[in-house]
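Welcome to a short set of exercises on reading a protein model. Keep the sequence and the 3D view open, try each task yourself, and then go through the solution.

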Amino acid sequence: MTLIFKKGSKNQVGNYRPVSLTSQVCKLFEMIIRDSIVMHLDSYGLTKSSLHGFRKSGSCLSNVLEFLDEVTSKLDRHESVDVIYLDVAKAFDKVPHLRLLDKLEKHGIGGKVWV
């Protein structure tokens, strides 16, 4: 991990962006593990269809398009629509990792993968 300066005062920690210097071998292992986990979750129906970014046939764009389709359909039927926007840019930093590992184990993913 190394820090790259973005802008502003060099004395402010928030003005640096962390960059991971991961080897290609580690990246390959991450891909293999990720694909195995996704296949396991899909085979047991443990992922929601609304999680576009985690599905092979989905993306962030398909998620936005489905959302827009739903909103415009409701507006065409003169139904009200409420939208709440959340900034989750740093959400992963706040994930309770022990709870996440416990949830993975309950879904049948455990052993040496996450030890």
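## Exercise 1: A lysine and its patch

Lysine 94 counts as exposed because its relative accessibility is 68%. Before going on, note that this is a predicted model, in which local features need pLDDT of at least 70 and side-chain atom pairs count only at pLDDT 80 or more, while totals for chains, interfaces and linings use all residues. Residues are numbered from 1 along each chain as its sequence is written, and side-chain values use heavy atoms, with hydrogens and water left out.

**Task.** Explain why lysine 94 is called exposed, and find which residues gather with Lys94 in a patch of positive charge.

**Solution.**
- Step 1: Start with the cut-offs: buried means under 20% relative accessible area, exposed over 50%, and partly exposed in between (1.4 Å probe, protein chains only).
- Step 2: At 68%, lysine 94 therefore falls in the exposed class.
- Step 3: Locate lysine 94 in the loop between helix 2 (60–76) and helix 3 (97–106). Helices (H or I, at least four residues) and strands (E, at least two) are DSSP runs, numbered from the N terminus.
- Step 4: On the surface, Lys94 is joined by Lys6, Lys7, Arg17 and Lys90 in a patch of positive charge. Patches are made of residues with over 30% relative accessible area and no salt bridge; like charges are joined within 9 Å, nonpolar side chains (Val, Leu, Ile, Met, Phe, Trp, Tyr) within 5 Å.
- Step 5: For the charges, Lys and Arg count as positive and Asp and Glu as negative, while His and the chain ends are not counted. The place of a charge is taken as NZ of Lys, CZ of Arg, CG of Asp or CD of Glu.

## Exercise 2: Checking helix lengths

**Task.** Work out why the end-to-end distance of helix 1 (residues 24–43) agrees with its number of residues, then do the same for helix 2.

**Solution.**
- Step 1: The expected span of a helix is 1.5 Å times one less than its number of residues.
- Step 2: Helix 1 has 20 residues, so it should span 28 Å, and its end C-alpha atoms are indeed 28 Å apart.
- Step 3: Helix 2 has 17 residues, so 24 Å is expected, and its end C-alpha atoms are 24 Å apart, which agrees.
- Step 4: Now look just past each helix. Glycine 45, just after helix 1, takes a positive phi of about 65°.
- Step 5: Helix 2 is followed by histidine 78, with a positive phi near 60°. Most residues other than glycine have a negative phi. Histidine 78 is a residue other than glycine with a positive value. Histidine 78 sits in the loop between helix 2 and helix 3 and counts as exposed, at 76% relative accessibility.

## Exercise 3: A nonpolar patch

**Task.** Which residues make the nonpolar surface patch of about 720 Å²?

**Solution.**
- Step 1: The patch is made by Leu61, Val64, Leu65, Phe67, Leu68, Val83 and Tyr85. Accessible areas come from the Shrake-Rupley method with a 1.4 Å probe; for residues, only the protein chains shown count as cover.
- Step 2: Pick one of these residues, phenylalanine 67, and find it in helix 2.
- Step 3: Phenylalanine 67 is partly exposed because its relative accessibility is 39%.
- Step 4: Check a distance: the C-alpha atoms of phenylalanine 67 and serine 50 are separated by 9.7 Å, though these residues are 17 apart along the chain.

## Exercise 4: Salt bridges

**Task.** How many salt bridges does the structure hold, and which residues are linked in a network?

**Solution.**
- Step 1: A salt bridge is a side-chain nitrogen of Lys or Arg within 4 Å of a carboxyl oxygen of Asp or Glu.
- Step 2: The structure holds five salt bridges.
- Step 3: One pairs aspartate 35 with arginine 34, their closest N and O atoms being 2.9 Å apart. Aspartate 35 is partly exposed at 32%, and arginine 34 is partly exposed at 47%.
- Step 4: Glutamate 79 bridges to lysine 74, with closest N and O atoms 3.7 Å apart, and to arginine 77, with closest N and O atoms 2.9 Å apart.
- Step 5: The network of salt bridges links Glu70, Lys74, Arg77 and Glu79.
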